[in-house]
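Colleague: I'd like to go through this one slowly with you, if you have a moment. Could you put it up on the screen?

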Protein chains: 2
Amino acid sequence: MSHFLPVALEHASRLLNHGPTILITSTDGTRRNVMAAAWSTPVEFTPPRIAVVIDKSTFTRELVISSGKFGICVPGAAAIDMTYAVGSISGKEGDKFERYGLASANGPVLGLPVIEEGCAAWLECRLIREQHTEEAYDTFFGEVVAAAADRRVFDNGHWLFDASNPGLHTIHHLGAGKFAPASSIVSAKPL
Amino acid sequence: MSHFLPVALEHASRLLNHGPTILITSTDGTRRNVMAAAWSTPVEFTPPRIAVVIDKSTFTRELVISSGKFGICVPGAAAIDMTYAVGSISGKEGDKFERYGLASANGPVLGLPVIEEGCAAWLECRLIREQHTEEAYDTFFGEVVAAAADRRVFDNGHWLFDASNPGLHTIHHLGAGKFAPASSIVSAKPL
């Protein structure tokens, strides 16, 4: 049974607000791919827009440019090994969904592969073409058109990291296969 | 005594690789500012380049554009309250360094305010003007020209989050004053 519920678009940027490492998914209708990416950021809440960095050497970049869209899945700590694995080989060498036994569904708006098992959230994004920043900084802008999250860890627009859901805490890649999972929430006190 | 040591420029992007919430500092020589920012990402390792999102309403944006440079400080969990405070009011209302008693030094290359107390790292960046992305996405690109980190938490190019240094673990803003500090490191296992 899926624990995923739709996330209102005005809350979609919060899924990436705290800098989690993500999976970028892509498809051109016949081929598909998934890669890990540490480098992304929201750039706007409304409309929800984000930037992701996709290297020139990647198969993902080919698919994203040819299809004009990309998906984002936000892995939880239970998916650290899978995340590192799909970040370590190229989709040019074969279908990584099959290789690692990753179940995916088709996103509701753009039909992008979305992964729920081991993940805390996913988003579907329409590419906003910006050829100069793509070339100069490998930076791709996108607008989120659909999003969903596991209600055990994200509800009503808010992350709920606590001791009840450690496997769904987002992960933050430090380099070389080392990750810092998000710890339980701390609230700032007014100064 | 400062625990900060210089970080080699080829390792500078790793300071931001895992999506920490940062402080952006700025000065035009007579005025200065510091604001909190959750939205940033590296875009290149060599040369070390990053993107930060700076809203049109901010005093920081004025100073960054007029001076052509900005600083980044990476607060630790001990500085959660300070981070939220400097993210909650505008520098147009007065000098936040004075208001919150923040000690800062002048960075070695660009003379930007750098804060070490409560922080795990800092970087000095030269602005790379990209007027279209600044206007359309509030996204500013910069090249890191100097960096340093507290050797108790970042050494030889690697973060060292563990039980010995919780106050220096980076913080990741979830929204509305709630933060997830980075937890201790987990290493991926090969699949």
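Modeller: Before we talk about how the chains meet, one term is needed: two residues are in contact if their C-beta atoms, placed from the backbone, lie within 7 Å. Please also keep in mind that this is a predicted model.

Colleague: Okay, so how many residues of chain B are in contact with chain A?

Modeller: There are 47 residues of chain B in contact with 47 residues of chain A. On the side of chain B that touches chain A, the residues divide into 26 nonpolar, 14 polar and 7 charged.

Colleague: And which surface do the copies meet through?

Modeller: They meet through the same surface, because 100% of the interface residues of chain B are also interface residues in chain A.

Colleague: What turn lays chain B on chain A?

Modeller: A turn of 180°, with a shift of 0.0 Å along the axis, lays chain B on chain A with an RMSD of 0.0 Å. The two copies are therefore related as by a two-fold rotation axis.

Colleague: Which residue of chain B comes closest to the rotation axis?

Modeller: That is Gly19(B), whose C-alpha is at 1.8 Å from the axis.

Colleague: Now the sheets. Which strands are in the open sheet that includes E15(A)?

Modeller: That open sheet has 3 strands in the order E15(A)-E14(B)-E13(B), with antiparallel pairing. Strand E15 (186-187) of chain A and strand E13 (171-175) of chain B stand at the edges with a single partner strand each, so one side of each is left without a neighbour in the sheet.

Colleague: How many bridges are there between E15(A) and E14(B)?

Modeller: E15(A) pairs with strand E14 (residues 178-181) of chain B over 2 bridges, in the antiparallel sense. Val186(A), for instance, has Phe179(B) in E14(B) as its bridge partner.

Colleague: Let's switch to E2(B). How many of its residues are buried?

Modeller: In strand E2 (residues 22-27) of chain B, 6 of the 6 residues are buried, so the strand is largely enclosed by the rest of the structure. Its two faces are both covered, with Ile22(B), Ile24(B) and Ser26(B) buried on one side, and Leu23(B), Thr25(B) and Thr27(B) buried on the other.

Colleague: Why do the residues split between two sides like that?

Modeller: In a regular strand the side chains alternate between the two faces of the sheet.

Colleague: And what does E2(B) pair with?

Modeller: It is joined by 6 bridges to strand E3 (residues 32-37) of chain B, which runs antiparallel to E2(B), and it also pairs in the antiparallel sense with strand E6 (residues 69-75) of chain B over 3 bridges. Ile24(B) takes part in both pairings, standing opposite Met35(B) in E3(B) and having Ile72(B) as its bridge partner in E6(B).

Colleague: What sits between E2(B) and E3(B)?

Modeller: The two strands form a hairpin with 4 residues between them, and in the turn Gly29(B) has a positive phi of about 105°.

Colleague: Last topic, the helix H1(B). Which of its residues are buried?

Modeller: In helix H1 (residues 59-67) of chain B, the buried residues are Thr60(B), Arg61(B), Leu63(B) and Val64(B). Seen down the axis of H1(B), they fall within an arc of 165°, so they line one face of the helix.

Colleague: What do they pack against?

Modeller: The buried residues of H1(B) pack against several strands of chain B, including E2, E3 and E6. Just after H1(B) comes Gly68(B), which takes a positive phi of about 70°.

Notes. Residues numbered from 1 in each chain as written. Chains lettered and ligands numbered in written order. Predicted model: local features only at pLDDT ≥ 70, side-chain atom pairs only at ≥ 80, totals over all residues. Pairing = 2+ DSSP bridges. Buried ≥ 20, exposed ≤ 12 C-beta atoms within 10 Å, placed from the backbone. Arc of directions from axis to C-beta. Nonpolar A, V, L, I, M, F, W, Y, C, P; charged D, E, K, R; others polar. Least-squares fit on C-alpha atoms with pLDDT ≥ 70 in both.
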